[in-house]
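This report concerns a single protein model with a bound ligand. Please consult the sequence and the coordinates alongside the text.

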Amino acid sequence: MSDTASTTAFGPVPPGWLWGAATAAHQIEGGNTNSDWWAFEHAPGSPAMESSADACDSWHRWPDDLALVSEMGLDAYRMSIEWARIEPAEGEFSLAALEHYRRILASAQDRGLKTAVTFHHFTTPQWMAVQDGWMNAEIVDRFARYADIAVQHLGDRIDMAATINEPNVVAGLGYATGGFAPGIAAGQVGLRAATENFVGAHVKARDAIKGGPGEFPVGLTLALPDLVVHPDGTLDGQGFRYDELPADAPGADYLRVMAGVYLDAAQDDDYIGVQTYFTQHVAPDGTVLAVPADERVTQMGWPFTPESLGRAVRHAHAVAQVPVIVTENGIATTDDEERIEYYARSLASLRQAMDDGVDVRGFFAWSLLDNFEWAEGFRPTFGLAAVDPVTFDRTLKPSGRWYAELVWASRA
Ligand code: BGC
């Protein structure tokens with residue numbers, strides 16, 4: 001193994017630091033039939049490659065998931081609770097679903113793990129999606145009501161909460177291009193409406209969560225690629241990162257709707273969750289500029305750019321001015337050595353940012369398991385553990401063991 005992949009290179013972590021691994025309900029539970037994603041996966045001509053089907057059967061096998069987190073010696077487990085299960089019909093709440101999540105959280109805490117709970121990770125109940133989903137302003141109150149009921153039931157078992165995961169991705173892909181559920185291609189109209197409602201819902205749900213039992217940090221998690229905007233629309237022209245692009249330059253609007261509005265909203269939060277996977281070059285309207293044919297890419301077709309993490313974290317902290325938690329970072333690859341290289345380099349860039357004074361409080365690897373990667377189906381493998389598609393048995397990969405060693409060394 002190369003020196004850069006040394007498990008001692010990260011060095012000691014600050015007090016209170018959280019090492020974790022992350023999952024999301026729809027990607028692992030299976031049978032999430034009441035959600036807009038299930039409907040989207042099964043719609044004729046859907047851009048989704050395949051059904052989420054049984055996923056990793058974590059609805060039943062969640063004890064195996066917690067066992068993996070413990071086996072790696074991590075501090076925390078990030079998971080999401082499913083709105084479509086907790087409120088299967090408008091205004092009708094399932095105590096059984098809430099109890100299910102309560103059992104997972106209690107069991108995690110009994111193992112000594114901190115619980116990091118996301119209230120919305122990409123999926124929306126289908127009853128809401130058919131009413132225009134996040135384009136409908138009524139979703140703000142409905143989401144806050146769900147968050148309130150969920151926190152009343154679960155709050156004393158939560159150690160950290162995120163209201164909404166990557167609202168910027170859902171607004172763009174779900175409501176502007178239609179490439180994600182609920183598949184609405186309303187362009188700028190969809191993007192603007194969903195963005196406004198996401199910000200409103202975040203603020204209202206955050207207040208609801210804060211008003212419930214338990215005392216824990218609340219924030220949101222943002223997809224924050226290391227974005228480079230090319231005002232002339234080509235890779236050959238000069239590119240500007242977030243803070244370099246003049247406010248009136250072409251592309252400034254795009255940066256605002258993708259990141260600025262959320263980072264501003266996060267100023268009243270306890271932390272900002274940063275989720276970075278790669279450096280992305282875009283035209284001013286957000287059109288992704290194709291990577292050159294000879295560039296190293298991951299299974300997602302994303303450029304292999306682990307150091308993007310350090311840059312994104314610096315930007316998020318500079319704008320939001322609250323502590324940063326890396327709530328997702330990782331790579332889809334079939335080559336587990338490459339995963340180790342990716343994490344070693346992304347973590348080195350994170351360490352550098354911390355040494356330069358950025359207040360970072362934790363790191364969650366995406367993902368604990370190989371799972372349902374949304375429109376791409378089960379092909380991309382992000383997991384620290386593999387899942388057998390027939391028996392659902394979980395097997396920790398060498399990268400999982402490498403991560404465990406790094407975590408151990410950082411505490412020594
Ligand atoms: C999402 C995850 C997803 C991952 C890799 C993030 O956009 O929060 O659900 O699996 O990135 O694409």
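The following paragraphs treat the ligand site, the helix packing and the backbone geometry in turn.

**Ligand site**

The model is predicted, and every value given here refers to that model. The ligand is surrounded by 13 residues, of which Gln27, His121, Glu166, Glu328 and Glu373 come nearest. By class, this shell comprises six nonpolar, four polar and three charged residues.

Polar contacts to oxygen atoms of the ligand include those of the three residues tabulated below; a pair of N or O atoms qualifies when it lies within 3.5 Å.

| Residue | Side-chain atom | Ligand atom | Distance |
|---|---|---|---|
| Glu328 | N or O | oxygen | 2.8 Å |
| Asn165 | polar | oxygen | 2.9 Å |
| Trp366 | polar | oxygen | 3.3 Å |

Taken alone, the ligand exposes 310 Å², and the protein buries 94% of that area. Glu328 thus appears twice in this description: among the residues that come nearest to the ligand, and as a side chain with an N or O atom 2.8 Å from a ligand oxygen.

**Helix packing**

Two packed helices are described by the angle between their axes and the distance between the axes. Helix H7, residues 139-154, packs against helix H9, residues 187-210, at an angle of about 25°, and their axes are 8 Å apart. Angles under 35 degrees count as roughly parallel, and H7 and H9 are therefore roughly parallel to each other. Their crossing is right-handed.

Helix H7 also has helix H5, residues 95-110, as a partner: the axes of H5 and H7 come within 10 Å and cross at roughly 50°. This angle makes H5 oblique to H7. The crossing of H5 with H7 is right-handed.

**Backbone geometry**

Which residues does a cis peptide bond with omega of about 5° join? Ala181 and Pro182 are the residues joined by that bond. Pro182 belongs to the loop between helix H8 (167-177) and H9, and H9 is the helix that packs with H7 at about 25°.

A cis peptide bond also leads from Trp366 to Ser367, with omega near 10°. Ser367 is located in the loop between strand E11 (360-366) and strand E12 (385-387). Trp366 thereby links this part of the backbone to the ligand site, since a polar atom of its side chain lies 3.3 Å from a ligand oxygen.

Asp57 has a positive phi of about 55°, although this residue is not a glycine. The loop that holds Asp57 runs between helix H2 (36-42) and helix H3 (58-71).

Notes: Residues are numbered from 1 along each chain as its sequence is written. This is a predicted model: local features need pLDDT of at least 70, side-chain atom pairs count only at pLDDT 80 or more; totals for chains, interfaces and linings use all residues. Side-chain values use heavy atoms; hydrogens and water are left out. A residue is near a molecule or strand if one of its heavy atoms lies within 4 Å of it. A polar contact is a pair of N or O atoms within 3.5 Å; within protein, one must be able to donate a hydrogen and the other to accept it, and residues adjacent in sequence count only if both atoms are side-chain atoms. Accessible areas come from the Shrake-Rupley method with a 1.4 Å probe; for residues, only the protein chains shown count as cover. Ala, Val, Leu, Ile, Met, Phe, Trp, Tyr, Cys and Pro count as nonpolar, Asp, Glu, Lys and Arg as charged, and the others, Gly among them, as polar. Axes are lines fitted to C-alpha atoms, for helices over the stretch in contact, and angles run from 0 to 180 degrees between N-to-C directions. Helices (H or I, at least four residues) and strands (E, at least two) are DSSP runs, numbered from the N terminus. Angles under 35 degrees count as roughly parallel, over 145 as roughly antiparallel, 65 to 115 as roughly perpendicular and the rest as oblique. A crossing is left-handed if the near helix is turned anticlockwise from the far one by less than a right angle, and right-handed if clockwise.
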